[in-house]
Amino acid sequence: MNAQSQSQSQSQRRKNFKIEAFKHKVELDPKYAERTWKVLEHAIHEIYNNNASRLSFEELYRSAYNMVLHKYGDKLYSGLVATMTAHLNKIAKSVESAQGGLFLEKLNHKWADHNKALQMIRDILMYMDRSYVPTSHKTPVHELGLNLWRDHIIHSPNIQARLQDTLLDLVQRERTGDVINRGLMRNITKMLMDLGSSVYQDDFEKPFLDVSASFYSGESQQFIECCDCGSYLKKAERRLNEEIERVSHYLDAKTEVKITSAVEREMIANHMQRLVHMDNSGLVNMLIDDKYDDLSRMYSLFKRVPDGLSTIRDVMTSYLRERGRVLVTDTERLKDPVEFVQCLLNEKDKHDKIISTAFNNDKTFQNALNSSFEYFINLNNRSPESISLYLDDKLRKGLKGASEEEVEVVLDKVMMLFRYLQEKDVFEKYYKQHLAKRLLSGKTVSDDAERSMIVKLKTECGYQFTSKLEGMFTDMKTSEDTMLDFYAKQSAELGDGPTLAVQILTTGSWPTQPTAACNLPPEILTVCEKFRTYYLGTHSGRRLTWQTNMGTADIKATFGKGHKHELNVSTYQMCVLMLFNSADGLTYREIEQATEIPALDLKRCLQSLACVKGKNVLRKEPMSKDISEEDVFYFNDKFTSKFVKVKIGTVVAQKESEPEKQEMRQRVEEDRKPQIEAAIVRIMKSRRVLDHNSIVAEVTKQLQSRFLPNPVVIKKRIESLIEREFLERDKADRKLYRYLA
Amino acid sequence: MASRDRVRFNVGGQLFETTSTTLANAGRESMLGALLDESWNPGQPEYFIDRNPACFSTLLDLLRTGALHIPSNVPEKLLYREALYYGLLDHVRGAKWGPFDGNTLRLADSVPGRAPGDGTAIRGAPDGGCCVAHGSVVHVYNWMLEERRPISLDYQQVNDVGYIDANSIVITARERLGKGDGGMAVFSAATGELRHRFRVEHGRQPKSFTAGALSLAGLDDHRIFSSCKGRLNEYGIGVWDHNTGQQVDFFYEHPGCSLGDADKLQWLPSKNCLMVATLFPRTDNCFIGLLDLRDKSIPWCWSDAGITMNLEDKRVLHAIAMEDGHSICVINQYDDLGFIDLRAGNTNSAGTGVRWSSRSKLMNQKVPYEESCYPKLATHNGQLFSCMNDSISVFSGSEHVLTSTLRRSYGGSICDFSIGGDRLFALHNEENVFDVWDSPPCPII
């Protein structure tokens, strides 16, 4: 060794002259390379036989270094390949001979040994790895060891198929409930990954995915035959989680997407339709029974597959539409509008809750719910009236004692239904009427609630929509002030006469019908005339007409045995009762003549005075439920009541009678005409020339926030405008209209 | 505990004692790391290593202190050889010179060339080696400045060279008439072997071409750009992916701006554009433009076309985009620096737009040498470098103040220089010698 180091330093010195000396030295000992290689070969054997403790690393490293230095790198490298290959072939034999279950154990054990040996061999040959390998395009030692292992062990004909079968069999056993050695599995799959991603994929992952797909295809077939939808989904979810867990325990993380998509395809995508439509347990049943857990599971599982969510959404939509259609066309239910609207609200709440708890508040589901409601609410043209009646009920009494927040909640919910309405103008008509009644009768529960509702309508539909409603509130306030002023100034003149409370309603703001006033009793008439003089005196240029059909009166009556009662009645009823101050019995015709109340109203008024038990201050002959023109009425001296104050309501159907409804429709249609015309003119003014279909489309777009105009009506309005020379047809193209300035 | 940590070596007869903690600095992937690894019965009273004790001592000190001090009796090359034996060569390289700073540069070495004259280009490698394009051959040096096997592309006139990484050199070469050779290829720096030849296709037909100036896009961007001249007027900029080796794009020359003859290409990541400069004296008129390869547009360009020039007029001879991407620095025959603002929009109005610094009048007392070279520019970490005649000037700070001048006594004027691997390499014209400048490692305190 000493001699060698000397010759090296010699070469250092000589290098300065010429390289020839170097060549010379290498040829000195031709057996040197062979001898050195034998030492190294022996060491590799010892390492594989776990006898490394007797080896000197320094000596081996130096030997390998010298071989490379003296240009025997090729010999060293090829020797390494041959020696390692021989060992691996021996290992292959021993792995092959392992019995049954010991096969994997043996493979794992040998793999660990090989890795350790490889590390040590690499240590010895480190210098070769650094200098010889990169310049001669060889594979580095570590990689070489892995490649040889792959070629001689994993791809050995007696091992390759057996390894694959063993691994797949273990997975299958785990799927059927056995406990397997996961640590061993992890080591083996880790080995395949270490050998390169293509080894892992070809020798394990691909067959694993194929086998899994067919396993789940079979299992899903079996489940779907015997399970209901809910428990099928539970099983699918469990399988999916098992596979994810399996990947985390002993497979490559990249396998997760692949295996889950296989499970999703086999267990969900292939059975989607059947699952949602399953008898007695499908999606519709889950919705009916509020099965949040099942619905949530279905959502999260279906979300994983293409078209999954749209499948749920479509079924839900068609179910909601059908259910809604049945609801709004149920004539029994419609008899009580309050109940009907409450029912709609409950339906909405129920499905809102389902979407928020089970469907992750999915926007597309919310949209589907909204479009379904919009669809069926407008199937019934009574919906606007019903919603207004519901509000009326709530604002009259339903909200009594409710806190501000609770009121807001109710109003917001109603507004949501309102948004679905196409005929918002019809709603407005009814709402106005109902509001007027509430205001005039002083029946409104809370002014704040009323105003809050109007603010909501205003934000939804704009100023125009609510300006008249707000006018009504102003009128109420002004009336109050006027009355105070009237009594302050006139109290001396009025004396002991009846007290008058006048509400001055601006024409146009209120839903008043021009009806002829009835004949008021002379006592009242005097006060009324005084008020008229006062009012017209303070406001010049106004006209005052009495709406006797809308008023109320409190009168005192003394019955037999001196029973005194205060009766709260309508103006009409008051007029009728006052007649009995001077007569004991009057025929229908006499009453009609004296009061000039319209027949329909008079009948209602008499019915409520004579036919309602407990309120029958009049007695009718003959006794019957209905009023006929031949009836005779008497003051009911025997009337008793445990209350001092008796409110005698007017028999008014809460819902409108058929002819009234027709009338309302007609008025709505009538009101729409100028709006449609205005829209047409606005559009034509800016576009000058437009064809028929575009006009219809634009008018519909402009007006849809209030109502959905009928194209036939639009056409009629266009024709009317042509007649009045706002528009003309184009001479050449009859489909085109021109605006005439 | 302390004694168990202690390790004794007998290196070539001389005893050394150290600790396993010190040796751990060598890393597991070194001979000393393997020696003490538990797979090799460690814990012997003494390890014998049959190597030079003086070198071992130097290397042991390197492991102890992280600093390299080579005693005068140890030849540098011997130390490198020993470091390679122990697997500590990277440690030595890391300790040999410090982080690059133009103001602390010292001459580390001067390496004589093979033949005088016609040096084309010098490029620094990322690991501190370099290569010199010389006529039709590229000489390659590792960081120890030992020459490796020279490389060539069929012995064609080499136009430009560049490092893709420490072990891959790309070369562009001129095509010989009628031979269909030339072009561009990647070689192994270690062995000089051809790895891949880049092709150019026009209309799906592979065509032979002359490749000129080169530019590499950057670390994560695998594109290489080169100016190309085909025989059938297929002039423009070729773009390849050096990972796949395939051509990915070609920017055909627009009329009025010569791209196929470009002197300088530079990729500007901040603008997502390629700067192309074709300059005097290659062409009569200078053209500098930014190319947007995505829509094949030229969003910015500058030219001095349309001005009649006298010999004495200032001509733009080299250009470099500043690192901030806001301006282009240019230099003229009087060693004046000038700046063109990239943010000012197109400055097509002939030749205006260059803001020349007035520094030059003070600088240029002497007449340029008879056999002078055209000046060149480079930037590094905010510093600007220019070479003129036999010296390199270093400008620092945002105002580009002259802070250092690098000059060596012989070798003639500098024809090219390059910064790479924390070193500056300057190639001299007359003697064909190149100088290596680097910054010393951090001082003791």
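1. Let me start with the secondary structure of chain B: this predicted model gives that chain seven helices and 32 strands. Along the principal axes, the C-alpha atoms of chain B fill a box of roughly 85 × 55 × 40 Å.

2. On packing, chain B has 445 residues, of which 53% count as buried. If you look at its contacts with a separation of 6 or more, residues 24 or more positions apart account for 50% of them.

3. Now the surface and charges of chain B. The chain exposes about 20,100 Å², and carbon and sulfur atoms supply 49% of that area. Its side chains include 42 positive and 53 negative ones, with the centres of the two sets 2 Å apart.

4. Over in chain A, please have a look at the negative surface patch formed by A:Glu404, A:Glu405, A:Glu406, A:Asp447 and A:Asp448. Two helices of chain A, α22 (404–420) and α24 (447–461), each give two or more residues to this patch. The most come from α22(A), with three residues.

5. One member of that patch is worth a closer look: A:Asp448, which is found in helix α24 of chain A. A:Asp448 counts as exposed because its relative accessibility is 58%, and the cut-off for exposed is over 50%.

6. For contrast, try A:Glu174, in helix α9 (residues 157–175) of chain A. A:Glu174 has a relative accessible area of 15%, so it is buried. Beyond its neighbours within four places in sequence, A:Glu174 is in contact with A:Ile180, A:Arg182, A:Arg246 and A:Tyr250. A:Val689 lies 515 residues from A:Glu174 along the chain, and their C-alpha atoms are separated by 77 Å.

Technical notes. Residues are numbered from 1 along each chain as its sequence is written. Chains are lettered from A and ligands numbered from 1 in the order in which they are written. This is a predicted model: local features need pLDDT of at least 70, side-chain atom pairs count only at pLDDT 80 or more; totals for chains, interfaces and linings use all residues. Side-chain values use heavy atoms; hydrogens and water are left out. Patches are made of residues with over 30% relative accessible area and no salt bridge: like charges are joined within 9 Å, nonpolar side chains (Val, Leu, Ile, Met, Phe, Trp, Tyr) within 5 Å. Accessible areas come from the Shrake-Rupley method with a 1.4 Å probe; for residues, only the protein chains shown count as cover. A salt bridge is a side-chain nitrogen of Lys or Arg within 4 Å of a carboxyl oxygen of Asp or Glu. Lys and Arg count as positive and Asp and Glu as negative; His and the chain ends are not counted. The place of a charge is taken as NZ of Lys, CZ of Arg, CG of Asp or CD of Glu. Helices (H or I, at least four residues) and strands (E, at least two) are DSSP runs, numbered from the N terminus. Buried means under 20% relative accessible area, exposed over 50%, partly exposed in between (1.4 Å probe, protein chains only). Contact means heavy atoms within 4.5 Å.
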